[in-house]
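This report describes how parts of one protein chain are arranged relative to one another. Please examine the sequence and the structure shown below before reading on.

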Amino acid sequence: GRASLGWIWVDGPALPAGAKLTAQMVLKSNDKGVVVAKDSLNVTPQKWFEFRYFPIDQGFDKADLVNVTHIGFRITLSGAAAGYQGVIYADHFQLRK
């Protein structure tokens, strides 16, 4: 029944043609180590992106949601992205009941 939220902003120029920027929510637990969400968001610079799992087991397996100690995100830049530079800002990440 828990919900999970988080927001990120990528500040930088438009992505080059053929480049792709994706983001995934990541949890760390004492039992499982680092666990990455089942899905990812396609991210565009100059826009807020929201991670939202209501309930949280929509994004993670229930077995992975034990003794969670950290929450964050993973950003992946792929394709024709040589030389791309930007800054990522993260608003708060939370698990709530």
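With which residue does lysine 38 form a salt bridge? The partner is aspartate 61, and the closest N and O atoms of the pair are 3.2 Å apart. The model discussed here is predicted, and every value in this report is computed from it.

**Salt bridges**

Side chains of opposite charge can pair when their charged atoms come close. The structure holds three salt bridges, listed in the table.

| Salt bridge | Closest N to O distance |
|---|---|
| Lysine 38 and aspartate 61 | 3.2 Å |
| Glutamate 50 and arginine 52 | 3.4 Å |
| Lysine 32 and aspartate 64 | 3.8 Å |

In the pair formed by lysine 38 and aspartate 61, lysine 38 belongs to the loop between E3 and strand E4 (41–42), while aspartate 61 belongs to the loop between E5 and E6; the pair therefore ties together parts that are 23 residues apart in sequence. Lysine 38 has a relative accessibility of 52% and counts as exposed, because exposed means over 50%. Aspartate 61, with a relative accessible area of 42%, is partly exposed.

The salt bridge between aspartate 64 and lysine 32 also links distant parts of the chain, as the two residues are 32 residues apart. Aspartate 64 is found in the loop between E5 and strand E6 (68–79), and lysine 32 in the loop between E2 and strand E3 (33–36). Is aspartate 64 buried or exposed? Its relative accessibility is 16%, so aspartate 64 counts as buried, the cut-off for buried being under 20%. Lysine 32, by comparison, is partly exposed, with a relative accessible area of 45%. When neighbours within four places in sequence are left aside, aspartate 64 is in contact with Lys32 and Val35.

The remaining pair joins the side chains of glutamate 50 and arginine 52. Glutamate 50 is partly exposed at a relative accessible area of 31%, and arginine 52 is partly exposed at 47% relative accessibility.

**The sheet**

Strands of a sheet pair through backbone hydrogen bonds, either parallel or antiparallel. In this model, three strands form an open sheet in the order E5-E1-E7, with antiparallel pairing. Why do E5 and strand E7 (87–96) each have one side without a neighbour in the sheet? Both stand at the edges and have a single partner strand each, so one side of each is left free of a neighbour in the sheet. From one strand to the next, the twist averages 10°.

E1 and E5 run antiparallel and are joined by six bridges. Within this pairing, leucine 5 has arginine 52 in E5 as its bridge partner. Arginine 52 is also the residue whose side chain meets that of glutamate 50 in a salt bridge.

**The nonpolar core**

In soluble globular proteins, nonpolar side chains tend to be buried together. The largest nonpolar core of this model has 16 residues, and those with the most contacts inside it are Ile8, Met25, Val43, Phe51, Tyr53 and Phe60. Strand E1 (3–11), strand E2 (19–29) and strand E5 (48–53) each supply at least two residues of this core. E2 gives the most, with four residues.

Which residues does valine 43 contact, apart from its neighbours within four places in sequence? They are Ile8, Val10, Leu15, Leu21, Thr22, Ala23 and Phe49. Among them, Ile8 is also listed with valine 43 as one of the residues with the most contacts inside the core.

How values were computed:
Residues are numbered from 1 along each chain as its sequence is written. This is a predicted model: local features need pLDDT of at least 70, side-chain atom pairs count only at pLDDT 80 or more; totals for chains, interfaces and linings use all residues. Side-chain values use heavy atoms; hydrogens and water are left out. A nonpolar core is a set of buried Ala, Val, Leu, Ile, Met, Phe, Trp, Tyr and Cys residues joined through side-chain atoms within 4.5 Å. Buried means under 20% relative accessible area, exposed over 50%, partly exposed in between (1.4 Å probe, protein chains only). Contact means heavy atoms within 4.5 Å. A salt bridge is a side-chain nitrogen of Lys or Arg within 4 Å of a carboxyl oxygen of Asp or Glu. Two strands pair if DSSP finds at least two bridges between them. Axes are lines fitted to C-alpha atoms, for helices over the stretch in contact, and angles run from 0 to 180 degrees between N-to-C directions.
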